[in-house]
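Visitor: I would like a close look at one part of this chain, set against the rest of the fold. Please take your time over it and keep the reasoning in view.

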Amino acid sequence: MHDEAYYQFLQRQTSALSVALGYRDEATSRHSERVAGRAVRLGALCGLNARELAILRVAAAVHDIGKIGIPDQILSKRRRLSSADWVAIHHHPTMGADILMACDFDGARELADIVRHHHENMDGTGYPDGLRGEAIPLGARIVSVVDAYDAMDEARPYHARRPHAEIMTILESEAGSRRDPDVLQAFCRLLDDA
Ligand SMILES: [Fe+2]
């Protein structure tokens, strides 16, 4: 699986960020921990090496760190978000990448890359850079699938928790447009084996 010593190193470098996110937004922090656990297993199925898996696990744990920069009235809003709110939320991947690029350790740039691109879509309609297909880092394509599953698997202020079969139907309908079809196929195998 992942390179344990390098993973421990990365965790030490980023633990202050995770603690800060937990104080700011506990729900996002718990969600991120679940996403990290699944992302690393999915990454192994997608053929990442031990170092890449360590990076992926930590990147998944801090993928929403940029939410620290989202105003409270949007972050903790209990009603449906307005289009202006979504514009503000769409800044979180770049803010997260900025935070990681301000860190100075081996792997910070790769972490920042995954964080920056975790909301890109395969067809180029995502944000912040509108990257397409394999131009999107594989780690970011993996986080995208696991993140989307987990978001639909829990109740949020603006939607109820969805059943597993419904989530998989939605994700499969997004194969090739939003999600990487190969990553999605590996994710199905992962859940089938669980
Ligand atoms: Fe996000």
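Visitor: Is V146 buried or exposed, and how many other C-beta atoms lie within 10 Å of V146?

Guide: V146 is buried, with 26 other C-beta atoms within 10 Å, where 20 or more are needed for a residue to be called buried. Please keep in mind throughout that this is a predicted model. V146 sits in helix 8, which spans residues 138-152.

The contacts of V146 show what surrounds this position. Setting aside residues up to four places away in sequence, V146 touches V35, R38, A39, L42 and A60. There is also F187, whose C-alpha lies 8.0 Å from that of V146, although the two are 41 residues apart in sequence.

One of those contacts, A39, deserves to be followed further. With residues up to four places away in sequence again left out, A39 touches L56, R57, A60, I142, V143 and V146, so A60 appears among the contacts of A39 and also among those of V146. A39 is, together with L56 and A59, one of the residues that touch the most other members of the largest nonpolar core, which holds 39 residues. Helix 8 gives two or more residues to this core, as do helix 1 (4-24), helix 2 (26-45), helix 3, helix 6, helix 7 and helix 10 (181-193). As a general background, nonpolar side chains in soluble globular proteins tend to be buried together.

Burial is not uniform along helix 8, and a second residue there makes a useful contrast. A151 also belongs to helix 8, but with 14 C-beta neighbours inside 10 Å it counts as partly exposed. A151 has its own link across the sequence, since its C-alpha is 9.8 Å from that of T28 while 123 residues separate the two along the chain.

Helix 8 is also a packing partner of helix 7, and this leads to the other side of the picture. Helix 7 covers residues 108-116, and its buried residues are L111, A112, I114, V115 and R116; these pack against helix 8 as well as against helix 3 (50-61) and helix 6 (92-101). With helix 6, helix 7 forms a pairing at an angle of about 175 degrees, the axes being 8 Å apart, and the two helices are therefore roughly antiparallel to each other. In this contact P93, T94, G96, A97, L100 and M101 of helix 6 meet A108, R109, L111, A112, V115 and R116 of helix 7, a set that divides into eight nonpolar, two polar and two charged residues. G96, in helix 6, counts as buried because it has 27 C-beta neighbours inside 10 Å, and it touches H63, D64, I65, G66 and V115, not counting residues up to four places away in sequence. By contrast, G96 and G43 are 21 Å apart from C-alpha to C-alpha, with their positions 53 residues apart in sequence.

Between helix 7 and helix 8 runs a loop that contains P128, and the peptide bond leading from Y127 to P128 is cis, with omega near 10 degrees. Most peptide bonds are trans. A135 lies in that loop too, and with 12 C-beta neighbours inside 10 Å it counts as exposed; its C-alpha is 9.9 Å from that of E120, which is 15 residues away in sequence.

Placed in the whole, V146 belongs to a chain of 10 helices and zero strands. The radius of gyration is 16 Å, close to the 16 Å given by the globule rule for 194 residues, so the chain is as compact as a globular protein of that length. Along the principal axes, its C-alpha atoms fill a box of roughly 45 × 35 × 30 Å. Buried residues, V146 being one of them, make up 37% of the chain. Of the contacts with a separation of 6 or more, 65% join residues 24 or more positions apart.

Technical notes: Residues numbered from 1 in each chain as written. Predicted model: local features only at pLDDT ≥ 70, side-chain atom pairs only at ≥ 80, totals over all residues. Helix = DSSP H or I, 4+ residues; strand = E, 2+ residues; numbered from the N terminus. Rg over C-alpha atoms; globule rule 2.2 N^0.38 Å. Contact = placed C-beta atoms within 7 Å. Core = buried A, V, L, I, M, F, W, Y, C linked by C-beta atoms within 7 Å. Axes fitted to C-alpha atoms, helices over the stretch in contact; angles between N-to-C directions. Parallel < 35°, antiparallel > 145°, perpendicular 65-115°, else oblique. Nonpolar A, V, L, I, M, F, W, Y, C, P; charged D, E, K, R; others polar.
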